[in-house]
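Subject: Structure handover

Hello,

I am passing on the structure we spoke about, with my notes below it. Please look at it before reading on.

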Amino acid sequence: MGLLSGIMGLTSDADIDEVRSDLDPILLADEDVDLAFRVVRDLFVFTDLRLIIVDKQGMTGRKRHIQTIPYRSITMFAIETAGNFDADSELTLWMSGQPPLLRQLSRRADIAGIQRALAHGVLDRK
């Protein structure tokens, strides 16, 4: 059990063992995957060191854009929930020296879980 899930009592909606196996080539030897949230085909993976966003592209999803964001570089974040006529929610991350990163979240995404994991990852490391 990782730091975030142990302290926060959070649960992932993606299988941690499957995510760990999939990302094994890019994880550090002592890096733990704490939480993972599936957003349509994409993944938000919270490790004890960083946030990894896996953006699956193309028809088959074999092409992937993998973005690593160290918690220490995230200066602020915001989540906009879906309204009555909106199909999706939005996540915005502000990082040191970078333009804001905007990601669409589906209406079914665990928005509260993502928000808590970000708050813990960002605020606990300041």
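The notes below go through confidence, strands, a helix and two loop residues.

Confidence

This is a predicted model. The mean pLDDT of the protein is 80, and 83% of the residues reach 70 or more. By element, β4 has the highest mean pLDDT, at 90, and helix α1 (residues 3-8) the lowest, at 44. Residues 1-11 stay under a pLDDT of 50 throughout. The model nevertheless gives this stretch 25 contacts beyond four places in sequence.

Strands

Strand β2 (residues 42-47) pairs with β3 in the antiparallel sense, over four bridges. Two residues separate β2 and β3, and the two strands form a hairpin. Within this pairing, Val-45 has Ile-52 of β3 as its bridge partner. On to the next pairing: β3 and strand β4 (residues 63-70) are also antiparallel, joined by eight bridges. Here Gln-57 is matched with Lys-63 of β4. Strand β3 itself, which spans residues 50-57, is mostly covered, with six of its eight residues buried.

There is one aromatic pair in the structure. It is made by Phe-37 and Phe-46, whose ring centres are 6.0 Å apart and whose planes meet at 85°, an edge-to-face arrangement. Phe-37 and Phe-46 are both buried.

Helix α2

The buried residues of α2 include Ile-16, Val-19 and Leu-23. These residues sit on the same side of α2, because they cover an arc of only 65° around the axis. The general background is that an α-helix has 3.6 residues a turn, so residues three or four places apart point the same way. The cover over the buried residues of α2 includes β1, β2 and β3. On the face turned away from the buried side are the exposed residues Asp-17 and Ser-21. At the start of the helix, the backbone nitrogen of Asp-17 has a side-chain oxygen of Asp-15 within 3.4 Å.

Two buried loop residues

Glu-31 lies in the loop that runs between α2 (16-23) and β1 (33-39). Is Glu-31 buried or exposed? Its relative accessible area is 6%, under the 20% cut-off, so Glu-31 counts as buried. Which polar partner does the side chain of Glu-31 have in another side chain? That partner is Thr-47, in a polar contact of 2.7 Å. The side chain of Glu-31 also reaches the backbone nitrogen of Leu-28, at 3.0 Å. With neighbours within four places in sequence left aside, the residues in contact with Glu-31 are Thr-47, Asp-48, Leu-49 and Arg-50.

Ser-73 belongs to the loop between β4 and β5 (74-80). Ser-73 has a relative accessibility of 17% and therefore also falls under the 20% limit for a buried residue. A polar atom of the Ser-73 side chain lies 2.9 Å from the backbone oxygen of Pro-70. Apart from neighbours within four places in sequence, Ser-73 is in contact with Trp-94, Met-95 and Ser-96.

When you go through the model, please keep in mind that pLDDT is under 50 over residues 1-11.

Regards

Conventions:
Residues are numbered from 1 along each chain as its sequence is written. Side-chain values use heavy atoms; hydrogens and water are left out. Rings of Phe, Tyr and Trp (its six-membered ring) pair if their centres lie within 6.5 Å; planes under 30 degrees apart count as stacked, over 60 as edge-to-face and the rest as tilted. Buried means under 20% relative accessible area, exposed over 50%, partly exposed in between (1.4 Å probe, protein chains only). Two strands pair if DSSP finds at least two bridges between them. A polar contact is a pair of N or O atoms within 3.5 Å; within protein, one must be able to donate a hydrogen and the other to accept it, and residues adjacent in sequence count only if both atoms are side-chain atoms. Contact means heavy atoms within 4.5 Å. pLDDT is the predictor's confidence in each residue, from 0 to 100. The arc is that of the directions from the helix axis to the C-beta atoms.
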